[in-house]
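Trainee: Could you take me through one part of this model up close? I'd like a single connected story.

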Amino acid sequence: MSPIEQVLAAAKTIAMNGHTPTMALVKGKLGGKVPMPLLIQGLQQFKAIPKDQWKTLPDLGDALESTKQTTNTERQQLEQLFQTQIQQMKADFDKKIELLEQRIAQLENQS
């Protein structure tokens, strides 16, 4: 879910609880994870939506769960990439060590 959708969901939750969504309240709901320009844009969009259309907005729990799932997927992908890079580096080092050992053996045989 996009950061704007998160802002809209947070504003909806605040409004449904009888409060007027403000920058501070929305930022507090989202834990400061959304950049200020997106908070402003999202809050402006929310204020432009008629109250009877609020039900079409995502719920905050759904928005945060979607973000958490995306973060977990990205983390798994990064971990897999990291493991692949480590394996490649190990293979490169093993090859270099093998070449160095061969060179040492050649130098020892020349003596």
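Which residues does K12 touch, not counting residues up to four places away in sequence?

Mentor: Sure. This is a predicted model, so local features need pLDDT of at least 70 and side-chain atom pairs count only at pLDDT 80 or more, while totals for chains, interfaces and linings use all residues. Residues are numbered from 1 along each chain as its sequence is written, and side-chain values use heavy atoms, with hydrogens and water left out.

Leaving out residues up to four places away in sequence, K12 touches F46, W54, K55, L57, P58 and D59 (contact means heavy atoms within 4.5 Å). K12 is also buried, at a relative accessible area of 8%; buried means under 20% relative accessible area, exposed over 50%, and partly exposed in between, using a 1.4 Å probe and protein chains only.

Now zoom out a bit. K12 sits in helix α1, residues 3-16; helices are DSSP runs of H or I with at least four residues, numbered from the N terminus. From first C-alpha to last, the 14 residues of α1 reach 20 Å, close to the 20 Å expected at 1.5 Å a residue. That expected span is 1.5 Å times one less than the number of residues.

K12 has buried company, too: 10 of the 14 residues of α1 are buried, so the helix is largely enclosed by the rest of the structure. Besides K12, the buried set has I4, Q6, V7, L8, A9, A10, A11, I14 and A15. Just past the end of α1, G18 takes a positive phi of about 90 degrees.

Methods:
Helices (H or I, at least four residues) and strands (E, at least two) are DSSP runs, numbered from the N terminus.
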